[in-house]
Amino acid sequence: MTSVLQKDAGKFSLAKKVVAQKGNKKWRHNNLMGYLFISPWLIGFFTLTLIPIAASLVLSFTKYDILSGDVEWTGLENFRRMFYDDPRYWRAVRATVKFAFISVPLKLLFALLVAELLYNARRLVGVYRAVYYAPSIVGGSIAVAVMWRQIFASKGLINEFMLDAGLERKLWLFDIKYAIWTLILMAVWQFGSPMLIFLAGLKQIPSEYYEAASIDGAGTVSKFTRITLPLLTPVIFFNLVMQLIFSFMTFTQAYVVSGGTGRPLDTTLFYSLYIYIRSFGVGANMGYGSAMAWVMLVVIATFTGVIFLSSRFWVFYDTAEN
Amino acid sequence: MSNQTLARVYRNYRKNITSTIRSIIFYPMHAYRTYYHQMKRVINNIIFHPADAYRMYGKHVRHAMRGLVFHAIVIAFGFVMIYPLIWMLASSFKGESEIWTETSSLIPNELNLDNYRSGWKGFAGISFTTFFKNSLWVSGVSTLASVFSSAIVAYGFARIRFTGKKFWFAVMLSTMMLPSQVQLIPQYILFSKLDWINSYKPLIIPRFFGMPFFIFMMVQFIRGIPIELDEAAEIDGCSRAGIFFRIILPLIKPALGTSAIFAFYWSWDDFLTPLIYLNDPRKYTVSVALRNFADPSSVTNWGAVFAMGILALVPVFLLFILFQRYMVEGISTTGLKG
């Protein structure tokens with residue numbers, strides 16, 4: 001009796017061992033296959049993202065001239081110069097912050113209003129959506145940036161309208177008061193992608209909520225502020241983060257509209273443009289450019305972090321639905 | 001005819017407005033007979049029993065008016081939105097003097113193709129044929145590379161269990177928010193050390209390593225495919241690679257398509273990368289060429305600039321018109337930047 005039991009136990013443990021070995025083998029095989037499949041991204045991540053970012057941090061403490069290849073360790077000199085000795089740097093920061101903090105809220109506001117408008121349309125939604133999205137689809141291109149410059153040129157479209165309205169021509173692109181507003185207007189004009197995301201968000205809200213509110217006698221406005229807005233906060237949050245990051249990185253439009261210089265008087269000298277000028281322009285110093293890029297990374301990370309932390313207080317997740 | 005019946009007829013008439021229009025076009029006599037009597041009754045009602053008529057039709061009329069006002073607002077605002085684009089298109093057909101004398105007109109006096117002819121000649125003896133060829137080559141290869149490599153990576157993340165999967169996936173998602181400027185300078189130094197400057201390698205080769213946005217979208221898509229399909233294939237002796245090529249790849253075609261559209265579009269519109277890496281005008285892509293072509297210090301022929309601008313937008317517009325549904329879906333579900 002005992003011997004049979006022992007024999008059985010032995011059999012079982014052997015079986016267990018086989019299973020375990022098989023499992024181990026399968027686990028190892030899976031690990032190998034997993035890393036094999038993600039290897040393209042993994043290699044790219046190390047060679048094109050992680051190492052360059054680390055290298056950029058090291059470079060930011062040096063003076064690097066790409067033409068001669070001279071690297072000179074300067075410690076915190078780049079950062080000191082940036083914060084205390086480079087008035088252009090602060091003008092670039094001002095222009096970028098002004099651009100981001102005006103264009104992003106306006107853009108999101110328009111996107112939300114138009115999404116709400118289109119959400120209520122029964123017919124022709126597809127056509128309207130295409131029309132409102134068209135500026136965004138072409139907006140990042142050089143062709144449209146060039147067109148924008150010509151619209152606000154001294155003999156351009158806007159001045160033509162000004163003359164028709166009995167007003168004087170204005171040099172929009174060369175006036176320190178107006179130049180940045182042409183870029184803000186262009187950014188707001190391209191509210192297409194947040195609009196589409198809002199539209200998708202609006203469709204997620206169950207119609208029962210609105211019906212119930214109607215029965216309780218809620219009007220259009222209170223329905224919007226009490227149902228739509230709270231339920232849309234996750235989408236607003238997402239759009240806010242993405243658009244803020246994109247607007248901090250704006251380059252093409254500023255480069256074309258300002259002729260690559262950030263004129264007039266650096267009022268359109270966006271941060272990315274200034275990095276480009278300092279790293280690839282005349283007398284380029286890639287160390288300085290790297291230092292600026294790293295400050296940008298830290299600032300964007302901080303902003304994103306702050307929005308994430310604050311989201312606890314204003315983003316509403318509908319737990320009942322999940 | 002009682003008021004109730006009349007109201008029903010009217011409601012039907014409103015509901016079936018499309019069939020009404022169809023019947024008016026294809027069966028005019030029948031439509032005339034039907035609607036003549038209906039309309040006569042409605043008009044009679046309005047004239048002889050205005051109070052009843054108001055009670056019956058008032059709501060419908062107000063509703064219709066509201067719809068009309070709504071559509072008028074949406075259309076007017078939409079017109080303002082695309083006005084600059086229409087203006088650019090119109091200007092590209094205007095003659096040399098017309099551009100300056102009739103700046104704001106949206107309809108050119110004649111369809112003048114001179115701008116296209118002179119613009120196509122390009123600058124420095126290089127025509128736009130070269131630039132378009134360059135752009136098509138760069139965008140085409142980048143698109144294929146990024147979509148295929150992203151699909152491979154997405155399969156790994158979506159279907160294989162391996163140590164550290166969650167960690168790497170989170171890392172990948174976080175790289176989506178990384179400002180590209182930080183990588184720009186060291187990448188430039190790396191590529192110049194590899195002697196890749198003034199070639200298409202810096203524009204194309206990074207695309208072979210998958211793109212986080214596409215990987216994310218495809219992972220979501222693959223997760224929606226029942227795993228039983230994979231398991232059945234595995235039992236039948238299909239390898240991992242076989243499952244990927246024969247089962248997953250054909251099933252995620254919509255996600256591949258959406259990624260391809262965006263990959264092409266981004267690559268076509270990219271300006272900073274070719275601006276930094278390409279020095280030889282012969283190698284310029286359309287966007288860099290256009291910016292040089294439109295250099296305000298040298299250009300006087302703005303019609304030609306607009307014409308080339310319009311041509312540069314054609315591929316993007318074609319993609320948008322043909323695949324609008326996929327693009328809208330891609331943006332709505334993953335927040336891809338359009």
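**Exercise 1. Characterise the salt bridge between Asp86(A) and Arg278(A), and place its two residues in chain A.**

Solution. The structure under study is a predicted model.

Step 1. The side chains of Asp86(A) and Arg278(A) form a salt bridge, with 3.6 Å from N to O. The criterion is a side-chain nitrogen of Lys or Arg within 4 Å of a carboxyl oxygen of Asp or Glu, and the pair is counted as a salt bridge because 3.6 Å satisfies that limit.

Step 2. Asp86(A) belongs to the loop between helix H2 (77-85) and H3 of chain A, whereas Arg278(A) belongs to helix H12 (residues 271-280) of chain A. With their positions 192 residues apart, the pair links distant parts of the chain.

Step 3. Over all chains, the structure holds seven salt bridges.

**Exercise 2. Describe the interface of chain A and chain B by its contacts, its buried area and its salt bridges.**

Solution.

Step 1. On the side of chain A, 93 residues are in contact with chain B; on the side of chain B, 87 residues are in contact with chain A.

Step 2. Between the two chains about 7900 Å² is buried, and carbon and sulfur atoms give 77% of this area. Within chain A, the residues that lose the most area to chain B are Phe37(A), Trp41(A) and Leu48(A), which together account for 10% of what that side buries.

Step 3. The number of salt bridges between chain A and chain B is zero.

**Exercise 3. Compare the domain assignments of chain A and chain B, and examine the contact between the domains of chain B.**

Solution.

Step 1. Chain A comprises domain 1 (2-51) and domain 2 (86-314); the C-alpha centres of these domains are 50 Å apart.

Step 2. For chain B, the assignment gives domain 1 (3-90) and domain 2 (122-334), with 48 Å between their C-alpha centres.

Step 3. In chain B, four residues of domain 1 are in contact with five residues of domain 2. The area buried between these domains is about 390 Å², and carbon and sulfur atoms give 93% of it. Leu85(B), Met88(B) and Leu89(B) supply 86% of the area that domain 1 of chain B buries there, more than any other three residues.

Step 4. Zero salt bridges are counted between domain 1 and domain 2 of chain B.

**Exercise 4. Determine the volume of the largest pocket and the composition of its lining.**

Solution.

Step 1. The largest pocket holds about 1300 Å³ of space.

Step 2. Its lining consists of 29 residues; nearest the centre lie Leu117(A), Asn120(A), Ala121(A), Arg122(A) and Phe70(B).

Step 3. Two or more lining residues come from each of helices H3 (87-120), H9 (207-215) and H10 (220-248) of chain A and helix H4 (50-91) of chain B. H4(B) contributes the most, with 10 residues.

Step 4. By residue class, the lining contains 15 nonpolar, seven polar and seven charged residues.

Key
Residues numbered from 1 in each chain as written. Chains lettered and ligands numbered in written order. Predicted model: local features only at pLDDT ≥ 70, side-chain atom pairs only at ≥ 80, totals over all residues. Heavy atoms only, no water. 1 Å grid on protein atoms, 1.4 Å probe; cavity = no way out; pocket = protein on both sides within 12 Å on 5 of 7 lines; lining within 4 Å. Points joined across faces, edges and corners; volume = space filled by probe spheres on them. Helix = DSSP H or I, 4+ residues; strand = E, 2+ residues; numbered from the N terminus. Nonpolar A, V, L, I, M, F, W, Y, C, P; charged D, E, K, R; others polar. Domains from an automatic or database assignment. Contact = heavy atoms within 4.5 Å. Buried area = accessible area lost by both parts, 1.4 Å probe.
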